[in-house]
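Here is a short tour of one protein chain, meant to be read with the structure open beside it. Please take a moment to turn the model around before reading on.

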Amino acid sequence: MSLLFVLPKCTFPVGLRSFTMLTTALSLLPISALAETTSIRFQLDWRFEGPAAPFLMAAEKGYFADEGLNVQIDSGSGSAGAINRVASGAYEMGFGDLNALVEFLAENPNGPGIQGVYIVYDGTPAAVFARKDRGIESPADLVGKTIAAPAFDTGYRAWGVFAAANELEHDAVEWQNVDPTLRETLLTRGDVDAITGFYFTSLLNLEERGMSEDDLTILPFPEYGVPLYGNAIIASESFAEANPEAVQGFLRAFNRALGETIADPEAAIEYVKNRDGLINVDMEIRRLKLALESVVDTPDARENGVGGVDEGRLIEAIQLVADAYDLPSIPSPDQVFNPSYLPSQEERRLFTAEGE
């Protein structure tokens, strides 16, 4: 007796005993081996440093593969670059500053849709680093001082928000737009009075160049009245609509790895080292811990779980960015962030709530 056994793109007769053996073997395969794998090209915002740990962990430990995903993770050169590469179709997903995303959507109203789908940095990491020996102890002391930053730096771009929140005129300081590799060196040499940069990046860069926290007045934007969100996982809208399960799976895998990263940052850095064997492990552990402590572990993340947004705060943040960047239009909250792909709130409770 023979049966006609059908597989995609093949039809062939097999004996009953062979058919039984084949179906038994197929039943023993994991579901992920039988399901179609979806490929995702993912663009980081920067180099392989501490904050990239949960992405790299999810890839190396097979969390993406468990979701039926083949994820390629590439280093980046800034948030704007990550957003532009997702918009161009070179990457399906990426990691970038939500404020830069607002800017892109406002300036490209008829362009490709891109949405934030998971907030990683609940607050912007932007901060002012000022020399104490220049008499700078508070925002008011910045008046008349010179601040250096790259033109794409979030602190420079959002200066108007910081200034307004601290009752400073927009032109209260003089800016020098500089290459990012020179920013901390200029402050260390005393060529400028202050710089803006990501808290967990510029602080370590300054320490490498001989300046300690005791030499600095550090003004983190979230602590000085700036309610902007920071970096988010972003996705091409067309890709997400065509592959919703893939985006959901990506976020589940990342969320799983983020929880493990929070629990053991030292172990998580090993996955960064595996991608770049030249990193300073101790420095990247500290960078990762600073990132987690300053912009991931927030009261809102403890109360409501990581990854999501508060709608009222998002509306305010979009308006603040529109005003500060003098945008030609104002994207709607639905254009900027889509929560429908997020893991459940319970899965996203990676911290103990305040008071527990």
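Arg 85 sits in helix α5, which covers residues 79–88. The model is a predicted one, and in it Arg 85 has a relative accessibility of 30%. Because buried means under 20% and exposed means over 50%, Arg 85 counts as partly exposed.

Which residues does Arg 85 touch, once its neighbours within four places in sequence are left aside? The contacts are Gln 43, Gly 76, Ser 77, Ala 90 and Tyr 91. Gln 43 deserves a second look: 42 residues separate it from Arg 85 in sequence, while their C-alpha atoms lie 7.7 Å apart. The side chains of Arg 85 and Gln 43 are also joined by a polar contact of 3.4 Å.

Let us turn to strand β12, made up of residues 231–236. Six of its six residues are buried, so the strand is largely enclosed by the rest of the structure. Its side chains go two ways: Asn 231, Ile 233 and Ala 235 point to one side, and Ala 232, Ile 234 and Ser 236 to the other, with all of them buried.

Strand β12 has the following pairings, which you can trace in the model.

| Partner of β12 | Residues | Sense | Bridges | Residues that stand opposite |
|---|---|---|---|---|
| β5 | 93–97 | antiparallel | five | Asp 97 and Asn 231 |
| β6 | 114–119 | antiparallel | five | Gly 116 and Ile 234 |

So much for the strands; a helix comes next. Is helix α3, residues 53–60, mostly covered or mostly open? It is mostly covered, with six of its eight residues buried. Those buried in α3 are Ala 53, Pro 54, Phe 55, Leu 56, Met 57 and Ala 58. Just after α3 comes Gly 62, whose phi is positive at about 85°.

Finally, let us step back to the protein chain as a whole. Its secondary structure consists of 17 helices and twelve strands. Of its 356 residues, 51% are buried. The accessible surface amounts to about 16200 Å², and carbon and sulfur atoms supply 49% of that area.

How much of the contact network links residues 24 or more positions apart? Among contacts with a separation of 6 or more in the protein chain, such pairs account for 78%. The pair Arg 85 and Gln 43, in contact and 42 residues apart in sequence, is a handy one to look up in the model.

Technical notes. Residues numbered from 1 in each chain as written. Predicted model: local features only at pLDDT ≥ 70, side-chain atom pairs only at ≥ 80, totals over all residues. Heavy atoms only, no water. Helix = DSSP H or I, 4+ residues; strand = E, 2+ residues; numbered from the N terminus. Buried < 20%, exposed > 50% of the residue type's maximum accessible area, 1.4 Å probe, protein only. Contact = heavy atoms within 4.5 Å. Areas by Shrake-Rupley, 256 points an atom, 1.4 Å probe, with all protein chains shown as cover. Pairing = 2+ DSSP bridges. Polar contact = N/O pair within 3.5 Å; in protein donor to acceptor, adjacent residues only side chain to side chain.
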